[in-house]
Amino acid sequence: MRERLRFAVLGPVRAWRGADEIELGPPQQRAVLAALLLAEGAQVSTDSLVDAVWGTRAPATAVGTLRTYVHRLRKVLEPGGDTASSVIRSMGDGYRIRTSPDELDLGAFRDLLAQADRVRGAGELKDTERCLRDALDLWRGTALAGIRGDYAEGQRQRLGELRLSATAARLEIALDLGAHADAATELAGLVGEHPLDERFREMLMLALYQSGRQAAALTTYREAQTLLAEELGVDPGPALQEMYQRILRADAELLTSPSALTEPTPAPAPVSAQAPGVPAQLPADLPAFVGRDAELAQMAGLMPSGTVVIGAIAGMAGVGKTAFAVHWARQVADRFPDGQLYLNLRGFDPVGRPVTPEHALRTVLEALGMESDTLPQHVDALAGVYRTVLAGRRVLLLLDNARDAAQVRPLLPGAPGCLVIVTSRNRLTGLVAVDGAHPVRLDVLSLSEARDFLVRRLGADRVAAEPDAVQEIIERCARLPLALAVTAAHAAAWSTFPLAAIAAGLRDSAGGLDAFHDADSDSAADVRAVFSWSYHALTPDAAHLFRLLALHPGPDIALPAAASLAGLTVPHARRLLGELIRANLVDESAPARFASHDLLRAYAAELADAVDPPAERRAARHRMFDHYLHSAYAAAESALLIRHHIQITSRSAGVRPEEFADSEQRALAWFAREQAVLVAAVLEAAETGFDEHTWQLAWTIEHYLGRRGMWRDLEITLHTAMAAARRLGDPTPEAHALRGLAQAERYTGHVKESRAHLERAIELFGRIGDMTALAECHRQLSGVLELAGELEPALHHAELCVELLPDTPENSKLLGWARTGIGWYHALLGRYEEALVHCRAALDFVREAGDDYGEAYVLDSIGYAQHHLGRYTEAITSYERALLLIRQVGGVPWSEAAMLTHLGDSLLSVHRPDAARAAWTEGLSVLEQLRHPDAEQLRVKLRELPG
């Protein structure tokens, strides 16, 4: 008889045969076993196993190596067995392990949690606590310990949340049973380990209050309030606030009621009545939504309980994935009082590029109330902030049009209580296998659903009057919702036409967008024929604009940009866009911003290639790039983002650039709205032969991207600009691209590359004779040399900048920055009195230029010199003023952290250790979010601080 196998994943991945532990081999082989065990009896495809073991770095030999790992696991698990009887079974294109709860610790854990739920429902609190304790005793450390990679990390996080939820449930029962003192001790430790988890804070407050420690309970709340404000900029959640109020008024029920933590909460307010600042971004529901009863029933079972729930909706283009997702999200939105977020990931945009995870994370975090300039640079750090912000919140996230699992995975919350709905043309098998997503497949409508669809749009009488024509329309549209919607819009616009004429038109216009045929679908929609009816009903001007919109690279287009693209006035463009909206060929996705479905954009692109001469298409692109170049240049000037000027190309006739009336806030808001479009425009200009626009537009948006820390976008645009400049054979654009690229590399720590690019830029600008740009390069080089520890050369280049710059009003900002650098390097070299002389001169320049950003840096340098001269009180005043300014203008976060570090040094010098600790702790929080190497220096300072 075969000895029983047992497995463990709630700690290191282990296996036993009888009483003997089995050696499972190297970490990647154990990762294969872990992925199979975590599927809990379900088949895991080969692709999913490859993703689990190697992630995005799978070698070409991954499948063969995987089979080797499976073969070795079979041998070590059952040395005398054969493949047919192995515990690891081959199933289709994958493998499966079936285990019972007594063979896998995770299965036993789940069984005990279910048993705890049952006995708690019967009111047996002691048995409930026993089941929960037994469940938690199964853990032997961190889940999947010793296994690396994104898959293992995701599963660790998921299982860790289950463990925490079980711990919270056990402690809640302990409080109900009166074990206040013991629970308080354990809860204090949990609050220390998970300071942002409000569940444990609330229970600790109750435990302390029930133990007669009301003051300590109130202090716990105030600590949470301070921490949440400093870390996330938010207030404690409603449950924590309510507990605080009840303790504050000495609520006697808290001392007697065993359900103090589990009282029924009022139903959340409807979405329309949400608190200000809570995002409610779901698009409008379709008033004529029909059918999909089976799929809606599937979705109804996905509401979150103890973990994050993911619904993955897949189907061919035009099948109605977005409409379905929005319809269902609207039905359950009131269960997510902390917000409903919508994000179009543009995974299959026929013209534009998919949204990067970094962009997506930034967009969502800003919607949740985070300031853009406080966010870290790297996607892993952004994802960490994102999971922290969502901890303890109930948020619905609709991710539309995802390309693949890799694009979605960084956007998955870590804490339970959130619902993620993903739509994609791909089936997202990786998300299903690795992240536990629930797949929902949408096919074309059934015949009855398609008929109901037309009834809702055309009226029951009209549909009933011509059943044969309706049947042909449904067949010609292949029951595809998008095709049916466009046909219905055309039929509604021509209400006097018989439906037989509509059907005949579809019959005569047979074609097909072959590029969008879904190989997995039984029916290929003849969408070109469908779209042609709406298109041919347009006025000539509207048809022309529809075709030209396909040339636009961004995810959507603003009204002035559409006017420039077509060479029209803004009112004329608005009227034509209204016609396109009425024909269902364009949607107004936001006020004065317009977008089309991917299939419609593909259709428009086909028409543009077929109808519009190449010269006309090139002229439209020229106007479009002129629009973005001149608008971005004006915005950069209004937002004080230009330190020196370049001569940009004159704009074409018919271009309507944006105007900002020197309003910094309007300019920055425009940059924020258009950021994705501007980056796409740089790449599109390069691809279509507009090299002059390429480098100038990249130059114009450089400082905005830099200010926001968008280093990836900055490097992409500047590398594109560099290639364009070299194609032009002109040293001027090449020098500007080199200088900008060097700045991005400096901030990402690539000191050697930054220095080489600046030295080459200096050579080129010297040859050209552009003294302002040459001076700016010397100033930037001084900063690079500082990073390299070469302080005397850094001072020399800062002085060269001042020598080269003419002392004119337009150079006052740059002169202020250069003089600040001179003062700073004198201070770093120990020449503090000289540093103050130069910094005070710099202060006059930046104030004259109205440069609050520059003034903050001057004051920081002044404070540094004052501190080292022993004038600590003056230094504190300078640092506090610098911090106030840098926060007002939205500075770069690592600069703020440096100022906080300096402030803490001066506070400690005047014997204010608590204030120093607060400043350093705040600075450390910023640096840890950025994963900045200077964080360790602050940790050392905090460890060495007395008390």
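**Exercise 1. A residue in helix α29**

Decide whether E684, at 8% relative accessibility, is buried or exposed, and then find out which residues E684 touches.

*Solution.* Begin with the cut-offs: a residue is buried under 20% relative accessible area, exposed over 50%, and partly exposed in between, with a 1.4 Å probe and protein chains only. Because its value is 8%, E684 counts as buried. The structure is a predicted model, in which local features need pLDDT of at least 70 and side-chain atom pairs count only at pLDDT 80 or more, while totals for chains, interfaces and linings use all residues. Residues are numbered from 1 along each chain as its sequence is written, and side-chain values use heavy atoms, with hydrogens and water left out.

Next, place the residue: E684 belongs to helix α29, which covers residues 664-687. Helices (H or I, at least four residues) and strands (E, at least two) are DSSP runs, numbered from the N terminus. Then look for contacts, that is, heavy atoms within 4.5 Å. If residues up to four places away in sequence are not counted, E684 touches L551, P553, R621 and F625. Finally, take a distance from C-alpha to C-alpha: E684 and E472 are 41 Å apart in space and 212 residues apart in sequence.

**Exercise 2. Another residue of the helix**

Determine which accessibility class L668 falls into, and which residues L668 contacts beyond its neighbours in sequence.

*Solution.* L668, too, is found in helix α29. With a relative accessibility of 25%, L668 is classed as partly exposed. Once neighbours within four places in sequence are set aside, L668 has contacts with A639, L641 and Y704. As for a residue from another part of the chain, the C-alpha atoms of L668 and A19 lie 67 Å apart, and 649 residues separate the two in sequence.

**Exercise 3. Two arginines with a positive phi**

Find the phi angles of R292 and R346, and say where each of these residues lies.

*Solution.* Start from the general rule that most residues other than glycine have a negative phi. R292 is not a glycine, although its phi is positive at about 65 degrees. The loop that holds R292 runs between α11 (253-256) and α12 (293-300), and a relative accessibility of 4% makes R292 buried.

R346 likewise has a positive phi, near 55 degrees, and its loop lies between β8 (340-344) and α14 (357-367). At 14% relative accessibility, R346 counts as buried.

**Exercise 4. Two sheets**

Work out the strand order in the open sheet that contains β1 and in the open sheet that contains β4, and explain why some strands have one side without a neighbour.

*Solution.* Use the rule that two strands pair if DSSP finds at least two bridges between them. One open sheet has three strands in the order β1-β2-β3, with antiparallel pairing. Since β1 and β3 (20-21) stand at its edges, each has a single partner strand, so one side of each is left without a neighbour in the sheet. Four bridges join β1 (residues 5-8) to β2 (residues 14-17), and A8 has R14 as its bridge partner. Five residues lie between the strands of this hairpin, in which G11 has a positive phi near 145 degrees. Between β2 and β3 there are two bridges, and W16 is partnered by E21.

The other open sheet has the order β4-β6-β5, again with antiparallel pairing. Here β4 (44-45) and β5 (88-90) are the edge strands with a single partner each, so one side of each lacks a neighbour in the sheet. Three bridges connect β5 with β6 (residues 94-97), and the partner of I88 in β6 is I97.

**Exercise 5. Cores and confidence**

Find out which residues touch the most other members of the largest nonpolar core, and where the pLDDT is below 50.

*Solution.* A nonpolar core is a set of buried Ala, Val, Leu, Ile, Met, Phe, Trp, Tyr and Cys residues joined through side-chain atoms within 4.5 Å. The largest one has 130 residues, and L538, F546, L549, L580, Y628, F671 and L697 touch the most other members. Beyond four places in sequence, the contacts of F546 include Y535, L580, L600 and L607. A second, separate core has 54 residues, among them V53, L66, I88 and L136.

For the confidence, use pLDDT, the predictor's value for each residue from 0 to 100. The protein has a mean of 83, and 91% of its residues reach 70 or more. The value is below 50 over residues 262-276, a stretch with 20 contacts beyond near neighbours in sequence. Residues 510-526 are also below 50, with 32 such contacts. Where pLDDT is low, the predicted coordinates should not be read in detail.
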